[in-house]
Amino acid sequence: MKVWVINAEGGIDGLQMIDRDIPKPGPGEILVRLKANSINYRDLSTIKNAAARGIAGERIPNSDGAGIVEDVGPGGTAFKKSDRVVGTFFQDWLSGSIHEGVMASALGGPIDGLLCEYALLEERGALHMPDHLSFEEAATLPCAGLTAWHCLIEGGGARAGQTVLLLGTGGVSIFAQQIAKASGIRTILTSSSDEKLDRAKALGADVLINYRDCPNWEEKVMEATDGRGVDLVVEVGGAGTLEKSIASVRVGGRISLVGILTGGQMDPTSIMRKSITLQGIYVGPRDMFERFNAALLQNDIHPVIDASVEFADAKEAYRMMEKAGHFGKIVVTI
Ligand SMILES: NC(=O)c1ccc[n+]([C@@H]2O[C@H](COP(=O)([O-])OP(=O)(O)OC[C@H]3O[C@@H](n4cnc5c(N)ncnc54)[C@H](OP(=O)(O)O)[C@@H]3O)[C@@H](O)[C@H]2O)c1
């Protein structure tokens, strides 16, 4: 079988397609014939900083993949041949709060990921795909999708009638827009591009701000909330946007902090003055993924796929993400 592997030094150009034997599932394992992957900013960052992340040898990138069960281990599993499945980002985070023990089980980081034709997964590290989704759509769920759900609903506690702030139009933010729309939550969404803002409007975004044209976008957010501030921010920008997010949130509001897109320094004083709850969120557990999938099915939500590239051209998918011209998700078909 063909697999893509990271070369610790080479970044995107150093990715190599190599041959490996198709593995055999052991007890409690399933062999998945991958049909699609999606790319996350984290995958790009891992490929570009592999050595710094402790990746020394060959490592298959990508946390997110969906496919068909080709074989199951002796004694059977909860899955059977031909089931359509999607992997979980953390193979060992089943439920409850995150803890140190799950970190080593992240696909495409400490362990091999899914940019390959076949992969072995523990049965606990996979879920049935939502029935209404294609493989490409399901492959967008494990990282960006679940993170958005966690930030907005299960961690952020956003409810109908509230207002949330979403930054940019990448995978996490566009999922958050779709979930918010289905939940009766008002959104204020920023982007560097008017064309992308138009696309976000078509998804139901209520207030649109171009953060390039309007560097003091937090003032626009306050205007759009009658000076009160938003109830919740899904913070994908990181240090470079956090101060403005803090300025945008209401007294007693929340910030779900997930992103590392921008660098910088920030003054934390307002977190205390406004009694803001700042919560770091790292994807989510398996049972939360099940609830997220149920919500997607119930609301007939289809992930927004901006571009799709063939397995042989996988490098191109990372280059697209690097250019940040995408809206929603980039997928690789296998
Ligand atoms: N903690 C977790 O569990 C978790 C999970 C998933 C992702 N993340 C992180 O969340 C971030 C977003 O991930 P993603 O997969 O959604 O990335 P992505 O698809 O690459 O999204 C990038 C988009 O973010 C926007 N952006 C960049 N700089 C910005 C800025 N200064 N202000 C506002 N928006 C800005 C841009 O949107 P426009 O082009 O519209 O301007 C850009 O296209 C990354 O840092 C990623 O590592 C964390």
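Me: What makes the pairing of the side chains of E137 and H302 a polar contact?

Reply: The two side chains are joined at 3.0 Å. A polar contact is a pair of N or O atoms within 3.5 Å; within protein, one must be able to donate a hydrogen and the other to accept it, and residues adjacent in sequence count only if both atoms are side-chain atoms. The value of 3.0 Å therefore satisfies the limit of 3.5 Å. The side chain of E137 also reaches the backbone nitrogen of S134, at 2.9 Å.

Me: On what kind of model do these values rest?

Reply: This is a predicted model, in which local features need pLDDT of at least 70 and side-chain atom pairs count only at pLDDT 80 or more, whereas totals for chains, interfaces and linings use all residues. Residues are numbered from 1 along each chain as its sequence is written, and side-chain values use heavy atoms, with hydrogens and water left out.

Me: Why is E137 classed as buried or exposed?

Reply: E137 has 14% relative accessibility. Buried means under 20% relative accessible area, exposed over 50%, and partly exposed in between (1.4 Å probe, protein chains only); E137 therefore counts as buried. Leaving aside residues up to four places away in sequence, E137 touches H132, H302, P303 and I305, where contact means heavy atoms within 4.5 Å.

Me: How is A324 classed, and on what value?

Reply: Its relative accessible area is 43%, so A324 is partly exposed. A324 is not a glycine, and its phi is positive, near 60°.

Me: What is the corresponding class of V283?

Reply: V283 has 4% relative accessibility and so counts as buried. V283, likewise not a glycine, has a positive phi of about 50°.

Me: What makes R199 and D306 a salt bridge?

Reply: Their closest N and O atoms are 2.9 Å apart. A salt bridge is a side-chain nitrogen of Lys or Arg within 4 Å of a carboxyl oxygen of Asp or Glu, so the pair of R199 and D306 at 2.9 Å qualifies. Between domain 1 (2-143 + 283-333) and domain 2 (156-280), the count is one salt bridge; these bounds come from an automatic or database domain assignment.

Me: How much area is buried between domain 1 and domain 2?

Reply: About 1300 Å² is buried, with carbon and sulfur atoms giving 68%. Buried area is the accessible area (1.4 Å probe) that two parts lose on being put together, summed over both. In domain 1, Y41, I301 and F327 lose the most area to domain 2, together 43% of what that side buries.
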